[in-house]
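The following paragraphs lead through a predicted model. Attention is given to salt bridges and to the packing of a pair of helices.

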Amino acid sequence: MPANPPTSAYAMFARYLRDAMGLGATAAFAFAASGCGGNVVVDLPDDTGGAGGGGGGGTSASVGVTSSSAGGPYACGETVTPSQKLVYACLDGPPPASCPSASEATSALAAKLNADICAEFCCHSESVVSVPCGPDPTAVNCCYTAKLLIGEEMCMGLPFSVEGEARTAAMRERSDWNVALAPSLERLDPATRVALAEAWTRDALAEHASIAAFARFVMELLSVGAPVELVSDAQRAIGDEIRHAEMCFGLASAYAGAPRGPSELRIQQALAGRDDPKEIARSVVRGGAVGETIAALSAVAARQRVSDPAVAGVLDAIATDEAAHAALAWRYLMWALGSGDEALHSAVEAEIEAAIEEIAPESSPAVSEVVPSALRAHGRLSEVEAREVARRAMVEVIAPCARELLGASRWLARRERAKAAPAPASVIREPVARLRVG
């Protein structure tokens, strides 16, 4: 870290969002070169530990999976690092007499565990890195002890939430949804490749679900009479998310050694209750103003730890596009609040306050967390790093921008100027390759 680091990326991103809302001088992407060699620094924990977030190992057990500690039942005497945990998991279907060996069950357990996790937590990433023992001879099904790497909660893309459930498709073996990418597989052991394949598959499914989320947002914008600039940029975001899904599935397929793509996506009741301007605004606060801001900064942070060129190119594109999606959300809120009533203001303010309470607690004491260098080199943040990015994004970007948004929009509403005011200009995108995370 240089003695006099360049301007923080958090401060630059806050300025970028203010500009997008029409509260600054320009509406250009502010992730440009700074005065110190064109590098922008985001302070994050280093490889051996750091402040912020919870320690590795604090994650909840998966749905339908019995959590087990190193000394628990059928744990094979395995030990775990602070970034790992053991779970006892059973496969459905085959009788014990035909159970696959532990090594043969690794991929099936990874798919089951990640599907169970995603059903409840969406993009909470816990990747199976090995299956130390099994099948359990005392079980009535094919049961094993699996070792999981506790990963980051870096859900990329706007979530497709329906009645409180974040929906994604399941993974299917198909090649039409992936771009041919060639990350370096040298020096990656089988367990690391499995972990990377599962992590990038989760990101791909999240990006795929974002296509539906933005398609719904286009209809919501039309339902409230939004300006054409907002509708056009929301439509453009659909194409961005298609491209993100293809790239993430491409990486996942390369690590897995087999094509990966999405299954069908459930859309039932996707528009239920979505004709209420307050509900639309609440959704934009959570998924857009908060979620996309954190996603953009998380992608930037992951990009700066990457050494693989193929992964770096994917994260460059995602960081740039997610930043534009975040700006779109803030621009919508400025327009909606400027023409809305006090009830809409109160709903947005309450949603922002709830998000701040959830995401922006004080940093916890430093914890020891060793993240495998191969995962870091291929685009994966640790849980500590991801939580610290989210915390700083909330404290340094989202909360101050929200204060300005609410104050400025109330000023517009009081003077009845919202309808006459033009929508903020579309955000200009520029590459973020020079953005540096320290």
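Is Glu385 buried or exposed? With a relative accessibility of 1%, Glu385 counts as buried, because the cut-off for that class is under 20% relative accessible area. Its salt-bridge partner is Arg376, and the closest N and O atoms of the two are 2.6 Å apart. Arg376 has a relative accessibility of 7% and therefore also counts as buried.

The pair formed by Glu385 and Arg376 is one of 19 salt bridges counted in the model. Another joins Glu404 to Arg18, with 2.9 Å between the closest N and O atoms. Glu404 belongs to helix H9 (residues 383–414) and Arg18 to helix H1 (residues 9–20), so this salt bridge ties together parts that are 386 residues apart in sequence. Glu404 is partly exposed, at a relative accessible area of 32%, and Arg18, at 25% relative accessibility, likewise counts as partly exposed.

A further salt bridge is found between the side chains of Glu165 and Arg266, at 2.7 Å from N to O. Glu165 lies in strand E7 (residues 165–167), whereas Arg266 lies in the loop between strand E9 (261–262) and helix H5 (277–305); the pair therefore ties together parts that are 101 residues apart in sequence. Glu165 is partly exposed, with a relative accessible area of 28%, and Arg266 is partly exposed as well, with 42%. These residues also take part in a network of salt bridges that links Glu165, Arg167 and Arg266.

The discussion now turns to helix packing. Two packed helices are described by the angle between their axes and by the distance between the axes. For helix H3 (residues 190–223) and helix H6 (residues 309–339), the axes come within 13 Å and cross at roughly 30°. Angles under 35 degrees count as roughly parallel, and H3 and H6 are therefore roughly parallel to each other. The crossing in which H3 passes H6 is left-handed.

Which residues make this contact? On the H3 side they are Trp200, Glu207, Phe214, Phe217 and Leu221. H6 contributes Val311, Val314, Leu315, Ile318, Glu322, His325, Leu328 and Tyr332. By class, the residues of the contact of H3 with H6 comprise 10 nonpolar, 1 polar and 2 charged.

Conventions
Residues are numbered from 1 along each chain as its sequence is written. This is a predicted model: local features need pLDDT of at least 70, side-chain atom pairs count only at pLDDT 80 or more; totals for chains, interfaces and linings use all residues. Side-chain values use heavy atoms; hydrogens and water are left out. Axes are lines fitted to C-alpha atoms, for helices over the stretch in contact, and angles run from 0 to 180 degrees between N-to-C directions. Helices (H or I, at least four residues) and strands (E, at least two) are DSSP runs, numbered from the N terminus. Angles under 35 degrees count as roughly parallel, over 145 as roughly antiparallel, 65 to 115 as roughly perpendicular and the rest as oblique. A crossing is left-handed if the near helix is turned anticlockwise from the far one by less than a right angle, and right-handed if clockwise. Contact means heavy atoms within 4.5 Å. Ala, Val, Leu, Ile, Met, Phe, Trp, Tyr, Cys and Pro count as nonpolar, Asp, Glu, Lys and Arg as charged, and the others, Gly among them, as polar. A salt bridge is a side-chain nitrogen of Lys or Arg within 4 Å of a carboxyl oxygen of Asp or Glu. Buried means under 20% relative accessible area, exposed over 50%, partly exposed in between (1.4 Å probe, protein chains only).
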